[in-house]
Amino acid sequence: MSKLTKNQKAVEGKIEAGKAYTLKDAAALVKEITTTKFDASVDIDVRLGVDPRKANQMVRGVVSLPNGTGKVVRVLCLCTPDQEEAAKAAGADYVGLDEYIEKIKGGWTDIDVIITMPAIMGKIGALGRVLGPRGLMPNPKSGTVTMDVAKAVREIKQGKIDFKVDKTGIVHTSIGKVSFTADQIAGNAKEFMATIQKLKPTAAKGTYIKSIYLSSTMSKGIKIDPKSVEEN
């Protein structure tokens with residue numbers, strides 16, 4: 001068994017085994033137990049009572065986090081020439097069409113999100129082998145295929161994220177940074193969980209929210225009492 005480091009020993013006793021914390025307390029505690037020298041991401045893991053293998057129990061959606069993500073998101077907007085200036089003004093890092101399609105065909109994927117228009121999806125479909133495995137393929141359900149590309153760019157830059165349940169029934173995503181205040185972390189978590197609740201499949205039976213854990217990069221997970229998420 002490996003020995004605990006000095007930092008690990010310092011935080012070992014701060015999490016009570018088996019205890020389910022309120023969201024407010026967990027948001028404060030995740031800051032306390034994070035000892036990384038960099039600004040770690042704050043992650044939320046939600047186990048759902050769904051069977052993702054069944055199409056009518058898939059949970060996928062988007063949410064605009066009120067306090068942003070704390071991350072610098074590199075956005076590529078593939079659009080027609082008449083939309084380029086609006087996309088640039090909205091904050092897109094890269095704007096264009098054919099030249100970027102060729103770059104992607106050559107293996108370039110130095111971006112986090114691609115936003116495009118419905119009429120252009122025919123050209124982008126051929127990039128599936130490159131974009132698909134990296135989770136970069138634009139999708140109408142996530143709001144990245146739209147006629148209003150400028151609005152989509154602004155929302156992504158301001159903290160809009162998309163998520164979906166994995167094959168084990170867990171939704172995992174980052175909702176901020178440790179440098180956020182506890183209130184900002186809790187606010188983002190509440191908005192995320194409210195969206196999860198709205199997306200409950202009618203086919204899902206039994207307990208929908210089975211467990212919620214909050215953690216930061218390389219920290220232990222903190223169990224959250226689901227009831228506390230609904231409290232003001």
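Here is a short walk through the structure, one selection at a time. Keep in mind that you are looking at a predicted model.

**Stop 1: the sheet.** Select strands 7, 1, 8 and 9. Together they make an open sheet of 4 strands in the order 7-1-8-9, with antiparallel pairing. Strand 7 (170–177) and strand 9 (222–224) are the edges, each pairing on one side only. Look along the sheet and you can follow the twist: neighbouring strands are turned by 25 degrees against each other on average, direction ignored.

**Stop 2: the strand 8 and strand 9 end.** Now pick residues 209–216, which are strand 8; this strand pairs with strand 9 in the antiparallel sense over 3 bridges. For a single pair to click on, try Y213, whose bridge partner in strand 9 is K223.

**Stop 3: the helix on the sheet.** Add residues 182–198, and helix 8 shows up packed on the sheet, touching strand 1 (41–48), strand 7 and strand 8. The direction of helix 8 makes about 150 degrees with that of strand 7.

Two residues are worth showing as sticks here. T195 sits in helix 8. Is T195 buried or exposed? Its relative accessibility is 12%, so T195 counts as buried. Leaving aside residues up to four places away in sequence, T195 touches V62, V63 and F163. Next, show F192: with the same neighbours in sequence left out, F192 touches I44, V46, V63, F163, V171, T173 and I175.

**Stop 4: the cores.** F192 leads into the largest nonpolar core, which has 38 residues; I44, L48, F192 and L214 are those with the most contacts inside it. Which elements supply at least two residues each? They are helix 2 (23–32), strand 1, strand 6 (160–164), strand 7, helix 8, strand 8 and strand 9. Helix 8 gives the largest share of this core, 6 residues. Apart from this core lies another, of 31 residues, with V95, I115, V149 and V153 among them.

**Stop 5: the rings.** The structure holds 4 aromatic pairs. Select Y100 and W108: their ring centres are 5.7 Å apart and their planes are at 35 degrees, so the pair is tilted. Both Y100 and W108 are buried. Add Y94 to the selection, and you have the cluster that ring pairs link from Y94, Y100 and W108.

Before you leave, show K103. Where does K103 lie relative to W108? K103 is over the face of W108, at 4.2 Å from the ring centre.

Conventions: Residues numbered from 1 in each chain as written. Predicted model: local features only at pLDDT ≥ 70, side-chain atom pairs only at ≥ 80, totals over all residues. Heavy atoms only, no water. Pairing = 2+ DSSP bridges. Axes fitted to C-alpha atoms, helices over the stretch in contact; angles between N-to-C directions. Contact = heavy atoms within 4.5 Å. Phe/Tyr/Trp six-rings, centres within 6.5 Å; stacked < 30°, edge-to-face > 60°. Buried < 20%, exposed > 50% of the residue type's maximum accessible area, 1.4 Å probe, protein only. Lys NZ or Arg CZ within 6 Å of the ring centre and 35° of its normal. Core = buried A, V, L, I, M, F, W, Y, C linked by side-chain atoms within 4.5 Å.
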